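Trainee: I would like to look closely at one part of this model, the places where a charged side chain meets an aromatic ring. Could you take me through it and then follow the thread outwards?

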Amino acid sequence: MTIMEPRKRGDASDGTIGGRLSRFDGRLKITGGATYALEQPVEELAHAVLVQSRVGAGRVVKVDATRAQAAKGTLLVLTPDVELGLTRASDWYGNRPDNEPYRPLSNNICFNGQAIAAVICETLEQATEAARLVDITYDETSAIVDLDDPKAGEGRLLDALTVAWGDAAAALAASPVRIEAEYRTPREYHVAIEPHGLIAKWEEDQLTVWEPSQWTHGMARTYAEWYGLPYENVRIISPFIGGGFGSKATAYAYGAIATAAARKLGRPVKLALTRPQTFTAYGGRAATRQTIALGANIDGVLKSIVHEGVSETATYADFPEQTNAATPLMYAVENFQARHSLVPVNTVMPGALRAPGKNPSAFGLECAMDELAYAVGVDPVELRLRNYAQRDPQSGKPWSTRRLREALLEGGQAFGWARRSFAPRSMQDGRQLIGWGVACGTFPVLRASSEALIRILADGSVEVVSGAIDMGQGTYTILAQTAAEVLGVPPQSINVRLGDSSLPGATVAGGSMLAGAITGAVHKAASAARDELIELALNDGASPFRDTGANTLMVADGRIFVPREGGLSVSIGDLMTALRRDSIETRRNTLPEAEQGPEGHRKAWTTMGSIRGPTAGEFSMHSWCAHFVEVKVDEDFGTIRVSRMVSAFDCGRIYNPKLAESQWRGGIIMGIGQALLEEGLVDARNGRVINNNLGDYLVATNADIPPIQVISVGIPDLNASVLGGKGVGEVGIVGVAPAIANAVFHATGKRIRDLPITLEKLL
């Protein structure tokens, strides 16, 4: 897919890194010109509908599909007894069982909503009705429904996630000030505006899948391994994605079902999940429970942190929502211990949801720090500054850049924090109790490999080509800006092609790692293309610059010229014509030289095994934020409104401030929903998610959102990425919920440690 939009401002700086260009894909989306995966015009489509388990645990005794098979339009019914011929694929890191069969439809029931069968018909309406005619007999057993189920137990300790230094228990016992409390977060769901699904089409042993994807290359690898195909035989096409937040980074069972049905039928199959099915076809954020104990001196300086946390996972697979992910990083402390355990329950395997691990971890820690501030009588901002970590407490390495102090000071000044009274219930406007709260957040810099191809074409226009994706974060736009800055051409002459696994490889759009990786690749490729263009202009016999005596040339404003007064200046298009060149093409990646070559490339963009963590080098690299929140609580009714927010961020160099601010605000809005609204409710009788729709699972809407001011305090961090940026997309949500919880305490004097903060908990 090619996107080309003219820039909207006259300022030339808008066309380069740091300019405030609007998203190139924005006009296409608001006018209906963007074609999403399930809208692809594929002929002769059959339609698949899933049949899901109605019990939370047990076995399928019998699937009676007689009536469904006899229904009008039915082409195929898939059940656990139908052999699909699939083999289990590698996990995220490239680990793969040896020839282990994969059965996306199983007789073993692990959770309510699990896919048991699928009906494929000529039309969606026929498939929906035929699916209702499938009768399933169960041998039901008692399900473990959530963390509080008496059958759940205390969990299984994950030694790999244990972090400790000093003697935390002894230091806690000796501390003159101690606080200890339990903090909880519920199940939360992605609820992207675009539901999941796919269209699958086979042409002999070539599989094409149109599917919303945060990682076209990783998903292509999974489909190829399921079917024992060469990687090149699978193509994932995903030019536009209607939100993902971590849920569209991998292939799921429903994708295996749809592609298997298409292969059996010999015609394309479309499977679109309903909104309720998106609550069980893949996992959201797991529920967590954590106990944090802080020991401090009487002036609030930390002496010890002891942290015990658990998260729920599936009975058949592990996914830790690491409650101690942020705790070791935020504050200087001489004695520390944090452990995390998993509790298997009958649920679909949880997954990554915006800022996994760091989000619930910061909720517990930042609420505990607020409680400590009140225990010692120190302003919550001052308390954080007194415990500021000059180095990474966990690794001992220096920070690459850490502007958290500046975020606290500049954010506080913009918010007016100095006017805050310390005592709870001391700020009021009529019957409205006013509360001001603060909390900090972090997210690691994850460095990954991506590849980009640059073409300078005969007319002087430029193509930027990569399999990277844009799900709304602005990849199309920042890549055009990157190429424009290097090649000296206006962004309207740059075509950006993305979202196709047949294009040069790219890492997952997750963990806030894609922008740093792919802009680096584009910058390298564009620099190489510019250098080749200049070399040709200086040395080719057909070049008008050949006899100028110049030993260097420059490119700017779509022209190449001798950098002296009166020097020759020629448009890039005219130069390409003079050189009789159709194109100049360069391809570069962000891999170290030792990993060059096809196999190194393939491993880099189809697994997460080559991703480097925040302390892989000599520095510790993270993004940071500080949130300041004002809430108004109705004294009579207990209703809570977030009335104002100011958030300051250190995310390094900002490639496009307009897009970064949008990402930050998006994270903040999700954090407001997390704090006050979102909660997956489970039927204790059978493990069914009972609010599996947008009427009952509440997310923040326009009416819930106040004015949000966002501030960048970052400086370029060239250790973190080629262009100096750090992650933007995830960090915005981290710390929002505790800031709101702390503001609610300041307003009311009541501490709510269990999200969401609802009226009944407050009253």
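Trainee: Which residue lies over the face of Trp 624, and at what distance from the ring centre?

Mentor: The model is a predicted one, in which local features need pLDDT of at least 70 and side-chain atom pairs count only at pLDDT 80 or more, while totals for chains, interfaces and linings use all residues. Residues are numbered from 1 along each chain as its sequence is written, and side-chain values use heavy atoms, with hydrogens and water left out.

The residue you ask about is Arg 402, which lies over the face of Trp 624 at 4.1 Å from the ring centre (the term requires NZ of Lys or CZ of Arg within 6 Å of the ring centre and within 35 degrees of the ring normal). A further such contact places Arg 751 over the face of Phe 745, with 3.9 Å to the ring centre.

Rings also meet one another, and the structure holds 22 aromatic pairs (rings of Phe, Tyr and Trp, the last by its six-membered ring, with centres within 6.5 Å; planes under 30 degrees apart are stacked, over 60 edge-to-face, and the rest tilted). Among them, Phe 415 and Trp 417 have ring centres 6.3 Å apart and planes at 45°, so this pair is tilted. Phe 415 counts as buried, at 1% relative accessibility, and so does Trp 417, at 8% (buried is under 20% relative accessible area, exposed over 50%, partly exposed in between, with a 1.4 Å probe and protein chains only). Together with Trp 436 and Phe 628, Phe 415 and Trp 417 form one aromatic cluster.

Several loops deserve the same care, beginning with the one between helix H10 (404–415) and strand S18 (428–429), where Arg 425 is found (helices, H or I of at least four residues, and strands, E of at least two, are DSSP runs numbered from the N terminus). Arg 425 has a phi near 60°, a positive value in a residue other than glycine, and is partly exposed, with a relative accessible area of 41%. Val 191 is likewise not a glycine and has a positive phi of about 40°, but at 18% relative accessibility Val 191 counts as buried. Its place is in the loop between strand S10 (177–185) and S11. In another loop, between helix H16 (736–748) and helix H17 (759–762), sits Pro 756, which is joined to Leu 755 by a cis peptide bond with omega about -5°.

Strand S11 (residues 197–203) itself is mostly covered, since 5 of its 7 residues are buried. S11 pairs with S14 in the antiparallel sense over 4 bridges (pairing needs at least two DSSP bridges between the strands), and Leu 198 has Leu 271 of S14 as its bridge partner. With strand S12 (residues 206–210), S11 shares 5 bridges, again antiparallel, and Glu 203 is bridged to Gln 206 in S12. The hairpin of S11 and S12 has 2 residues between the strands, and there Glu 204 takes a positive phi near 55°.

Elsewhere, 3 strands form an open antiparallel sheet in the order S5-S3-S7. Strand S5 (108–109) and S7 stand at its edges, each with a single partner strand, so one side of each is left without a neighbour in the sheet. Strand S3 (residues 58–64) is joined to S7 by 6 bridges, and Asp 64 stands opposite Asp 135 in S7.
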